[in-house]
Amino acid sequence: MIERLQISNLRNLTQVNLQSTVCNVVIGANGSGKTSLLEAIFLLSRGKSFRHHQPKRYIQHHQNNTTVYARLNDSRTLAIQKQTDATTILRLNQATVYNQSILTEQLPTLLIDPSTMDMLEQGSASRRQLLDWLVFHMKQGFHPQWVAYQRLLKQRNSLLKKTRQLTQVQLAELKSWDKGLSNHAALIHHYREQVFTEWQPYFAKSVLQLLPSYAEQLSLSYNAGYDTHVALDVQLNERLEQDLQLGYTRIGNHRADIHVHWRSDNTIDNQPTNKKVSSSDPETPSKLPALKEQAANVLSRGEKKLLITALRLSQLPLLLNDNKDSGSFDNSSTSRATPVVLLDDITAELDDRAIGILLSTLAQLPCQVFMTSLTDDIVPLVNELWSKPRLFHVKQGQILSVD
């Protein structure tokens, strides 16, 4: 849990030094800097902003860098400095580290903000990242495989873009990369599928809380991005001509996706509504009722917001239970990490009932919460749910604690 947070030169936050607690409420007008506070925490954890990937866009004007520093409640310290040319300096306990994943393990962050409320209609990237966030924190072997896969994929795509006709040397090189991609892909899919299976009951419970009238009609499915019954390198070889023409790799882990499906009442046929749909089980589709529609095409905008909130909210108890019970992590890092939940202007996206469910659920979990709001209407509910929350007011980049 973050105990002290320091921010310098991030957007309109010139110098911020605040002490935080389990629940922190940040009140301020639009443009005051309240979202920038959440952005700083996210930057420290993920190494990138959720608003813009180019550092020069969030580093304060006329400044060369921005720095975010946090001291955790167990005295560990984390720091990141981003320069305008994207150079990054990372530190853990005052020592320089060279991999962002090290800080990410120490400070897992979950963001729920207005920009995430369209993920059902967007491309697969945001939904895939939703699953991979869980896999990263639950399966230690996942990240090295993912990094290696991405490196090979980048090399392959670079070659595909350069030429439409491969030489024998290039073809041999490509086949070597494809074999490596295949090996990494099998392990990445294995980790994803395991975590997806564990996620299912938590998602079902979340839907039952937030969308009870639709609980029997909503189901979650996972698609690996390729046929997992055939080695990926074999499939890549079969599609090589098409990939050369298009200039990129069309199948693989990088095309994986999760979907929420809607089943109409007459297609349930007494089948388990929350049974996993997996691309790795060829018999699964025949055992399930027909999937009538993508949920995004059926639900109203308000209902879709609740559904996306259910997706994100269901991840926390799974992550916390895994840390406590499964022994997936060693005692030196992530097993002691307290998830930090960032709620940006959530009162503008959810109705009072949904906000009540969301906050009451978070209050029961061992996580730290930073939430922003335009007004202090949320404060009475927060005071009911948390003991001694902290309230901050933001005005023109100045953050003041309200004691």
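The exercises below concern a predicted model and treat its confidence, its cysteines and its largest pocket.

**Exercise 1. Find where the model has low confidence, and state how these stretches should be read.**

Solution. Start with the whole chain: the average pLDDT is 89, and 89% of the residues score at least 70. Next, look for stretches below 50. Residues 267–280 form one of them, with 47 contacts in the model beyond near neighbours in sequence. Residues 282–288 also stay under 50, and here the model has 11 contacts beyond four places in sequence. Where pLDDT is low, the predicted coordinates should not be read in detail.

**Exercise 2. Explain why Cys-23 and Cys-367 are not bonded to each other.**

Solution. First, recall the cut-off: a disulfide needs two cysteine sulfur atoms within 2.5 Å. Then take the distance. The cysteine sulfur closest to that of Cys-23 belongs to Cys-367 and lies 9.3 Å away, which is too far for a bond. Starting from Cys-367, the closest cysteine sulfur is that of Cys-23, again at 9.3 Å. Finally, check the whole structure: the search finds zero disulfides. As for their surroundings, Cys-23 is buried, at 1% relative accessible area, and Cys-367 is buried too, at 3%.

**Exercise 3. Describe the largest pocket and its lining.**

Solution. Begin with the volume, about 1,200 Å³. The lining comprises 36 residues, and those closest to the centre are Phe-42, Arg-46, Lys-48, Gln-129 and Trp-133. Next, assign the lining to elements: those giving two or more residues include helix 1 (34–46), strand 6 (88–92) and helix 5 (142–162). Helix 4 gives the largest share, eight residues. Last, sort by class: 17 lining residues are polar, 13 nonpolar and six charged.

Methods: Residues are numbered from 1 along each chain as its sequence is written. This is a predicted model: local features need pLDDT of at least 70, side-chain atom pairs count only at pLDDT 80 or more; totals for chains, interfaces and linings use all residues. Side-chain values use heavy atoms; hydrogens and water are left out. Buried means under 20% relative accessible area, exposed over 50%, partly exposed in between (1.4 Å probe, protein chains only). pLDDT is the predictor's confidence in each residue, from 0 to 100. Contact means heavy atoms within 4.5 Å. On a 1 Å grid over the protein atoms alone, a cavity is a set of points where a 1.4 Å probe fits but cannot get out, and a pocket is an open set with protein on both sides within 12 Å along at least five of seven lines; lining residues have an atom within 4 Å of a point. Grid points are joined across faces, edges and corners, and a volume is the space filled by probe spheres set on the points. Helices (H or I, at least four residues) and strands (E, at least two) are DSSP runs, numbered from the N terminus. Ala, Val, Leu, Ile, Met, Phe, Trp, Tyr, Cys and Pro count as nonpolar, Asp, Glu, Lys and Arg as charged, and the others, Gly among them, as polar.
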